[in-house]
Amino acid sequence: MGQRTDGATRLGAVDVQYLDDGGARAALVVSDRPVFAGPLEEHAVLVDQVAEYRPGRFYERELPALEQVLSQAAPLDLLIVDGYVDLDPAGSPGLGAHAAEAGLAPVVVGVAKTRFRTATHAVEVLRGQSARPLYVTASGMALDTAAELVRSMAGEGRLPDALRHVDRLARGASPA
């Protein structure tokens with residue numbers, strides 16, 4: 001994980017909720033600790049209009065909203081996205097790869113709640129008492145290190161607390 005020139009490590013988790021009016025709400029929680037206990041910052045932005053969903057081109061819909069919410073915060077060293085970094089072992093880019101390519105963070109970790117049929121390289125992470133794994137992929141970090149990061153994040157449930165919290169913010173909960 002990279003360090004900024006001021007010595008601080010900044011980690012962020014993002015999520016996007018699509019609204020009935022054709023827009024979206026994007027949210028970000030930022031922490032200075034890999035376990036993501038107690039966020040330093042929380043941000044949420046409304047996006048007036050997002051692209052229509054197109055199979056295989058999900059990033060076109062989600063990436064602009066992520067860029068908007070990330071513009072509200074100082075640069076991150078690591079970004080966690082809801083989804084896959086790459087969609088198969090050959091490296092077909094998913095949302096996380098497009099986020100990395102756009103320069104949103106030097107390290108991007110994808111945490112998906114459902115298995116994508118071609119993502120056979122994703123590391124399955126079991127958390128809490130859940131028998132259902134999370135699927136972890138990464139860019140700029142070894143997969144086993146990314147999986148351990150997700151495994152060690154604060155929270156007893158299947159989803160780490162930071163991912164649960166950023167989901168609630170994206171759904172309209174007020175920042176703390």
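**Entry 1. Strand E4 and its partners**

I began with Asp-82, which stands opposite Val-111 in E5. The model I am reading is a predicted one. I then looked up the pairing that holds this contact: E4 and E5 run in the parallel sense, with five bridges between them. On E1 I found Ala-13 opposite Ile-80 in E4. E1 and E4 are likewise paired in the parallel sense, over three bridges. I also checked the cover of E4 and noted that four of its five residues are buried, so that I record the strand as mostly covered.

**Entry 2. The sheet as a whole**

I next traced the strand order. The sheet is open, has seven strands and reads E3-E2-E1-E4-E5-E7-E6, with mixed pairing. Which strands form the edges? I found strand E3 (41-47) and E6 there, each paired on one side only. I noted the average turn between neighbouring strands of this sheet as 25 degrees, direction ignored.

At the E3 end, I counted the link to strand E2 (residues 24-31): seven bridges join E2 to E3, and the two run antiparallel. Within this pair I noted Val-29 opposite Glu-42 in E3.

At the E6 end, I found three bridges joining E6 to E7, again antiparallel. Here Val-125 stands opposite Leu-134 in E7. E7 also pairs with E5, in the antiparallel sense and over five bridges; I recorded Ala-138 in E7 as the bridge partner of Val-109. Five of the six residues of E7 are buried, and I enter this strand as mostly covered.

**Entry 3. Helices on the sheet**

I looked up what helix H1 (residues 58-70) touches. H1 packs on the sheet and is in contact with strand E1 (11-18), E2, E3 and E4. The direction of H1 makes about 125 degrees with that of E1.

I then turned to helix H3 (residues 143-152), which lies across E4, E5, E6 and strand E7 (134-139). H3 runs at about 130 degrees to E7. Which residues of H3 are buried? I listed Ala-146, Ala-147, Leu-149 and Val-150. These four cover an arc of only 155 degrees around the axis, which puts them on the same side of H3. I recalled the general rule that an α-helix has 3.6 residues a turn, so residues three or four places apart point the same way. For the cover over the buried residues of H3, I noted that it includes E4, E5, E6 and E7.

**Entry 4. The aromatic pair**

I searched for ring pairs and found one aromatic pair in the structure. Why is this pair classed as tilted? The rings of Tyr-84 and Phe-116 have their planes at 50 degrees, and tilted pairs are those neither under 30 degrees nor over 60, so the class follows. The ring centres are 6.1 Å apart.

I then placed both residues. Tyr-84 is in the loop between strand E4 (78-82) and helix H2 (95-101). Phe-116 is in the loop between strand E5 (107-112) and strand E6 (123-125). The pair therefore ties together parts that are 32 residues apart in sequence. On accessibility, I entered Tyr-84 as buried at 9% relative accessibility, and Phe-116 as partly exposed at 32%.

**Entry 5. Charges over rings**

I looked for charged ends over rings and noted two arginines. The charged end of Arg-117 sits over the ring of Phe-116, 5.7 Å from its centre; Phe-116 is thus entered under both the aromatic pair and this contact. The charged end of Arg-61 sits over the ring of Tyr-18, at 3.8 Å from the ring centre.

**Entry 6. The loop between E2 and E3**

I closed with two residues of this loop. Arg-33 has its place there. Is Arg-33 buried or partly exposed? I recorded a relative accessible area of 42%, hence partly exposed. Leaving aside residues up to four places away in sequence, Arg-33 touches Leu-11 and Gly-38. I noted that Arg-33 and Leu-11 are 22 residues apart in sequence, while their C-alpha atoms are 7.3 Å apart in space.

Phe-36 lies in the loop between E2 and E3 as well. I entered Phe-36 as buried, at 6% relative accessibility. I also checked the backbone: phi of Phe-36 is near 60 degrees, a positive value in a residue other than glycine.

How values were computed
Residues are numbered from 1 along each chain as its sequence is written. This is a predicted model: local features need pLDDT of at least 70, side-chain atom pairs count only at pLDDT 80 or more; totals for chains, interfaces and linings use all residues. Side-chain values use heavy atoms; hydrogens and water are left out. Rings of Phe, Tyr and Trp (its six-membered ring) pair if their centres lie within 6.5 Å; planes under 30 degrees apart count as stacked, over 60 as edge-to-face and the rest as tilted. Buried means under 20% relative accessible area, exposed over 50%, partly exposed in between (1.4 Å probe, protein chains only). A charge sits over a ring if NZ of Lys or CZ of Arg is within 6 Å of the ring centre and within 35 degrees of the ring normal. Two strands pair if DSSP finds at least two bridges between them. Axes are lines fitted to C-alpha atoms, for helices over the stretch in contact, and angles run from 0 to 180 degrees between N-to-C directions. Contact means heavy atoms within 4.5 Å. The arc is that of the directions from the helix axis to the C-beta atoms.
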